[in-house]
Amino acid sequence: RQLAVITPYAAFIFRFTGMDESKHMCAKFARRTEWMPDPPSETKHHPSSVNIELLKTLRNNTKSTTMAQFLNKEFTSIGKDYAVRLIGEMSQGLRPELPIKEVSD
């Protein structure tokens, strides 16, 4: 029943054949809508959910050119001003305009 409730756009038929004919069971759940939801869209990563390997992958695959752009474009909840502030708090050698490809492991 729970599967039928969360997927109203699909029809389900469950059949159970028991050892005894009195134990046979069939449950039918009809489609309740013809409308299919849109496929899920990819979302940005939350800063608290990343590890060093994911950071390296994101850095290598980003189209952003600077450190500030990288933080702003690749992560949710990081605006431009917050990205600049974060970079200032991270390390002495980092700055917002630092090319992201120059950030080493």
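**From Ile-78 to the core and the surface**

Leaving aside residues up to four places away in sequence, Ile-78 touches Pro-47, Leu-71, Asn-72, Ala-83 and Leu-86. The model described here is a predicted one.

Ile-78 also belongs to the largest nonpolar core, which has 13 residues. Together with Met-67, Phe-70, Leu-71 and Phe-75, Ile-78 is among those with the most contacts inside this core. Helices H3 and H4 each supply at least two residues of the core, and the largest share, four residues, comes from H3.

Helix H4 spans residues 80-90, and its buried residues are Ala-83, Leu-86 and Ile-87. These three lie on the same side of H4 because they cover an arc of only 100 degrees around the axis. Two of the residues touched by Ile-78, namely Ala-83 and Leu-86, are thus met again on the buried side of H4. What covers the buried residues of H4 includes helix H3, residues 67-74. The face of H4 turned away from the buried side carries the exposed residues Asp-81, Gly-88 and Glu-89.

The surface presents a nonpolar feature of its own. Leu-3, Val-5, Ile-6 and Phe-14 form a nonpolar patch there, and their accessible area together is about 390 Å². Helix H1, residues 2-6, contributes the largest share of the patch, three residues. Phe-14, by contrast, lies in strand E1, which runs over residues 12-16. With a relative accessible area of 39%, Phe-14 is partly exposed. Membership of such a patch requires over 30% relative accessible area, so the value of 39% for Phe-14 meets that cut-off.

Terms used:
Residues numbered from 1 in each chain as written. Predicted model: local features only at pLDDT ≥ 70, side-chain atom pairs only at ≥ 80, totals over all residues. Heavy atoms only, no water. Buried < 20%, exposed > 50% of the residue type's maximum accessible area, 1.4 Å probe, protein only. Arc of directions from axis to C-beta. Contact = heavy atoms within 4.5 Å. Core = buried A, V, L, I, M, F, W, Y, C linked by side-chain atoms within 4.5 Å. Patch = residues over 30% accessible without salt bridge, like charges linked within 9 Å, V, L, I, M, F, W, Y side chains within 5 Å. Areas by Shrake-Rupley, 256 points an atom, 1.4 Å probe, with all protein chains shown as cover. Salt bridge = Lys/Arg side-chain N within 4 Å of Asp/Glu carboxyl O.
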